[in-house]
Amino acid sequence: MKEAGRQQHGTASPCAACKLLRRRCAWDCVFAPHFPADEPQKFANVHRVFGASNVSKLLQEIAAQHRGDAVSSLVYEANARVRDPVYGCVGVISSLHCQVQALEAQLAMAQAQMVRLRMLAHLDLGRSPTGTGSTTTGSSSMCPPSPIYTPGGHGDAAQTPMLSFSYER
């Protein structure tokens, strides 16, 4: 299997690691299955960040079935370190965490707005167009403060108005 990916016109082509390190690629090269000759930058970044000797030792200590995952992680971390030498993957994780928090806040606001609009629709259904339905004026001591819906613009119903809420007691 290793040899099939390295055969090129009847001669064994060295893997990207052996090319960069300028050494002969042995048939049992630990790098060959994971760093093909056509992806030299992949190993170059890993070598720059972790060092070939450390990666070789790490891959030899890991079971063969887990080496692919380990190399994938090393390549990702190395690429992140090349892009951001100080924070690496931690910078990416932190950025994604901030995005998740912002999206959760937006979701909470949208859900609160939906609840408010449903409450307004429910109150509007309780009122009769002739004025004989139940209308409430003032505030009840049993109810929490009610937000007031204020459309941002006056237009047809097809437009989505900007919403602003204020609370009155």
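Hi everyone, let me start with one residue: if we set aside its neighbours within four places in sequence, E77 is in contact with F50, G88 and C89. Please keep in mind that we are looking at a predicted model. E77 is found in helix α5. Is E77 buried or exposed? Its relative accessibility is 19%, and the cut-off for buried is under 20%, so E77 counts as buried.

Now take another residue of that helix. N79 also lies in α5, but its relative accessibility is 24%, so N79 counts as partly exposed. And here is a nice example of what folding does to a chain: N79 and V46 are 33 residues apart in sequence, yet their C-alpha atoms are 7.7 Å apart in space.

Let's step back to the whole protein for a moment. It has six helices and four strands. Following the sequence, you meet them in the pattern α-β-β-α-α-α-α-α-β-β. There are 169 residues, and buried ones make up 20% of them. The exposed surface comes to about 12,700 Å², with carbon and sulfur atoms supplying 58% of it. If you take the contacts between residues at least 6 apart in sequence, 39% of them join residues at least 24 apart.

Back to the helices, and to α3 in particular. How do α3 and α5 pack? Their axes are 8 Å apart, at an angle of about 75°, so the two helices are roughly perpendicular to each other. On the α3 side, the contact is made by K42, N45, V46, R48, V49 and F50. From α5 come L74, V75, E77, A78, N79, R81 and V82, so you can spot both of our opening residues, E77 and N79, in that list. By type, the residues of this contact divide into seven nonpolar, two polar and four charged.

Helix α3 has a second partner. The axes of α3, residues 40–50, and α4, residues 52–61, come within 7 Å and cross at roughly 100°. This pair is therefore roughly perpendicular as well. Here α3 uses F43, V46, H47 and F50, while α4 brings A52, N54 and V55. The residues of this contact divide into five nonpolar, two polar and no charged. What sits just after α3? It is followed by G51, whose phi is positive, near 90°.

Which residues of α3 are buried? They are F43, A44, N45 and V46. What covers them includes α2, α4 and α5, so the two partners we just met, α4 and α5, are part of that cover.

Finally, let's look at the core. The largest nonpolar core has 19 residues. The ones with the most contacts inside it are C15, C29, F31, F35 and F43, and you may remember F43 from the buried part of α3. Helices α2, α3, α4 and α5 each supply at least two residues of this core. Which of the helices gives the most? That is α5, with four residues.

One last stop is C15, from that list of well-connected core residues. Not counting residues up to four places away in sequence, C15 touches C25, C29, F31, A32, F35 and A37. Try finding C29, F31 and F35 around C15 in the structure above, as they are among the residues it touches. Thanks for listening!

How values were computed. Residues are numbered from 1 along each chain as its sequence is written. This is a predicted model: local features need pLDDT of at least 70, side-chain atom pairs count only at pLDDT 80 or more; totals for chains, interfaces and linings use all residues. Side-chain values use heavy atoms; hydrogens and water are left out. Axes are lines fitted to C-alpha atoms, for helices over the stretch in contact, and angles run from 0 to 180 degrees between N-to-C directions. Angles under 35 degrees count as roughly parallel, over 145 as roughly antiparallel, 65 to 115 as roughly perpendicular and the rest as oblique. Contact means heavy atoms within 4.5 Å. Ala, Val, Leu, Ile, Met, Phe, Trp, Tyr, Cys and Pro count as nonpolar, Asp, Glu, Lys and Arg as charged, and the others, Gly among them, as polar. A nonpolar core is a set of buried Ala, Val, Leu, Ile, Met, Phe, Trp, Tyr and Cys residues joined through side-chain atoms within 4.5 Å. Buried means under 20% relative accessible area, exposed over 50%, partly exposed in between (1.4 Å probe, protein chains only). Accessible areas come from the Shrake-Rupley method with a 1.4 Å probe; for residues, only the protein chains shown count as cover.
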